[in-house]
Amino acid sequence: MSDDFVNASDTGEIPSFNGDAKAKATDFAQYFCSYAQLYHQKQMLADHNRMAAYHSAIVGNANVFKDKVVMDVGTGSGILAVWAAQAGARKVYAVEYTDMAKHAEKVMVANGVQDIVTVIQGAVEEIELPMEEDSLTPNDGDNPTQVVDIIISEWMGYFLLRESMLDSLIRARDKFLKPKAGLMFPSHTTMYFAPVTDENERKASAQDYGNAMCDWHEFAEGTKNTYGVDMSILEADFNREQKEYYMLSSRWSELTSDAVLGEPSIIKHLDMATCTIEDSRGVSKDAKDSKFEFTVDGSSANGPISGFSGWFTADFKSRTDVDGLGAAPVISYPAFLSTGPENGYTHWGQQTFYNPSPIPLLRGETTKIVGYVEMMRTKENSRLYNCRITHSITRRNTDAGEDGQVLHASHENSVIYQIP
Ligand SMILES: C[S@@+](CC[C@H](N)C(=O)[O-])C[C@H]1O[C@@H](n2cnc3c(N)ncnc32)[C@H](O)[C@@H]1O
């Protein structure tokens, strides 16, 4: 898989930007079609941690939304656009690619905000705003369409970047948001990474893999005996496929705080006012935050290290970049969303990358894990990512401290996982 890891899709672009008809159709089948279903939208609407954070951010800062022009990038069923209208926005553009836009229109009427909210069906990369009709004064800078005061969007995928919708958000920001006074909601996002213990799930994945191979042997023997065809030539390929699925894919987890064995490490922090398409591409080895160092005391940990887990947080607060400071409205009531183990259920959960075998933790010894995380879009699908985790381990007597004799030092270990 290592070639796939470094060799991301030809252009690395998502098809909603400059994609040809075939690429768009494939993207629709693979990505958008689920968002066209109310069943899928409801799953997000029933995520109370998510809902409460956005509700507090928008309705709780009505003083900021009052009389503003707002854009909801990827409005889905329209909930964020309704809140923006209820918070006093003068005009809300609710942009949605799929036919969910038709449901959103009904939601606007049912909630009496149809005169404020205009639902626009299309890719945000391709739509135009009815500026003249809505008497919006063109921006006098290089980009006359930068007339929006606030962009709200729920664009985040598993481990923040999966789905690559951040590309669409950045393009919408650069085309439509007032460059200095404009606000992005969320305003900042942060990816976290930590060693975790979760032996039940790790063992279950290994067992499922073992069972799949057992089943293969039975099948191959049966096919030969019953139908006279030898399929054993395909065993290695089947094995690779199953191993990637069960052992080399991250798993959705709902961990509890006591599963986290070390202080979570930030591996990427994004200021939504200034982040770039390059940021959206992933996390590179040379990135400032891609490196981690965890110290785990074997006497207090409640299990071996089963693997590593990743999640994200989102802030809704004042702008902190040089251009925005002093120019953009101050957020008096910041809101916060965490998808980490300390916060209970969210539909994002955490993504856990299980080790093939657990890293033991010994009483009286401290284990230090040093390494780095890389994340890159897959070759086949620019909305999906592979994650390479590279680490090495040293163990010391806890009483001897940081400079004590090294009792054990591992080789550097590198595993590539797909985030399904
Ligand atoms: C995670 S959902 C959020 C829905 C809704 N805003 C909410 O909070 O419940 C993201 C939505 O963005 C839409 N979307 C993704 N990329 C888009 C694009 N480039 N242009 C317009 N809509 C897009 C998807 O179809 C989906 O409905």
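Let's start with how the chain is divided: the domain assignment gives domain 1 as 2-195 + 255-419, and domain 2 as 199-251. Keep in mind that this is a predicted model. The C-alpha centres of domain 1 and domain 2 sit 35 Å apart. Where the two meet, 16 residues of domain 1 are in contact with ten residues of domain 2. On the domain 1 side, strand 11 (305-316), strand 13 (350-359) and strand 17 (413-419) each put in at least two residues. Strand 13 gives the largest share of that side, with six residues. As for chemistry, the side of domain 1 that touches domain 2 has ten nonpolar and six polar residues, and no charged ones.

Now step back to the whole chain. You'll count eleven helices and 17 strands in it. The C-alpha trace spans about 70 × 65 × 35 Å along its principal axes. What does the radius of gyration say about a chain of 420 residues? A compact globule of that length would come in near 22 Å, and the chain has 24 Å, which agrees. Buried residues make up 43% of the 420. If you take the contacts with a separation of 6 or more, 76% of them come from residues 24 or more positions apart.

Next, head for the interior. The largest nonpolar core has 101 residues, and Val70, Ala84 and Ile151 are those with the most contacts inside it. Helix 6 supplies the largest share of this core, seven residues. Ala84 is a handy place to look around from: setting aside residues up to four places away in sequence, Ala84 touches Ile58, Phe65, Val70, Asp72, Ala89, Val92 and Ile152. Val70, one of the residues with the most contacts in the core, is thus also a partner of Ala84.

Helix 6 (79-86) turns up again at the ligand, where it supplies at least two residues of the surrounding shell. Helix 2 (21-35), helix 3 (38-45), strand 2 (91-96) and helix 8 (165-176) each do so too. Of the 22 residues around the ligand, Tyr35, Gly74, Gly76, Glu154 and Ser168 come nearest. By class, the shell divides into twelve nonpolar, seven polar and three charged residues.

Helix 3 also holds Leu38. Is Leu38 buried or exposed? Leu38 is exposed, because there are 12 other C-beta atoms within 10 Å and a residue with 12 or fewer counts as exposed. Its C-alpha atom is separated by 7.7 Å from that of Met100, 62 residues apart from Leu38 along the chain.

For a contrasting case, go to strand 14 (residues 365-377), where you'll find Glu374. This residue counts as buried because it has 22 C-beta neighbours inside 10 Å, and the cut-off for buried is 20 or more. Leaving out neighbours within four places in sequence, Glu374 is in contact with Val283, Ser284, Lys285, Ser290 and Arg388. Glu374 and Asn386 are twelve residues apart along the chain, and their C-alpha atoms are separated by 8.2 Å.

Finally, some backbone oddities. Most residues other than glycine have a negative phi, and most peptide bonds are trans. With that in mind, take a look at the bond that joins Phe185 and Pro186: it is a cis peptide bond, with omega about 0°. Pro186 is in the loop between strand 5 (183-185) and strand 6 (188-196).

Two residues are worth a look for their phi angles. Asn18 is not a glycine, yet its phi is positive, at about 60°. You'll find Asn18 in the loop between helix 1 (2-6) and helix 2. Asn18 is exposed, with 11 other C-beta atoms within 10 Å. Ser164 is not a glycine either, and has a positive phi of about 55°. Ser164 lies in the loop between strand 4 (150-153) and helix 8. Where Asn18 is exposed, Ser164 is buried, with 24 other C-beta atoms within 10 Å.

Note on methods:
Residues numbered from 1 in each chain as written. Predicted model: local features only at pLDDT ≥ 70, side-chain atom pairs only at ≥ 80, totals over all residues. Helix = DSSP H or I, 4+ residues; strand = E, 2+ residues; numbered from the N terminus. Rg over C-alpha atoms; globule rule 2.2 N^0.38 Å. Contact = placed C-beta atoms within 7 Å. Near = placed C-beta within 6 Å. Nonpolar A, V, L, I, M, F, W, Y, C, P; charged D, E, K, R; others polar. Core = buried A, V, L, I, M, F, W, Y, C linked by C-beta atoms within 7 Å. Domains from an automatic or database assignment.
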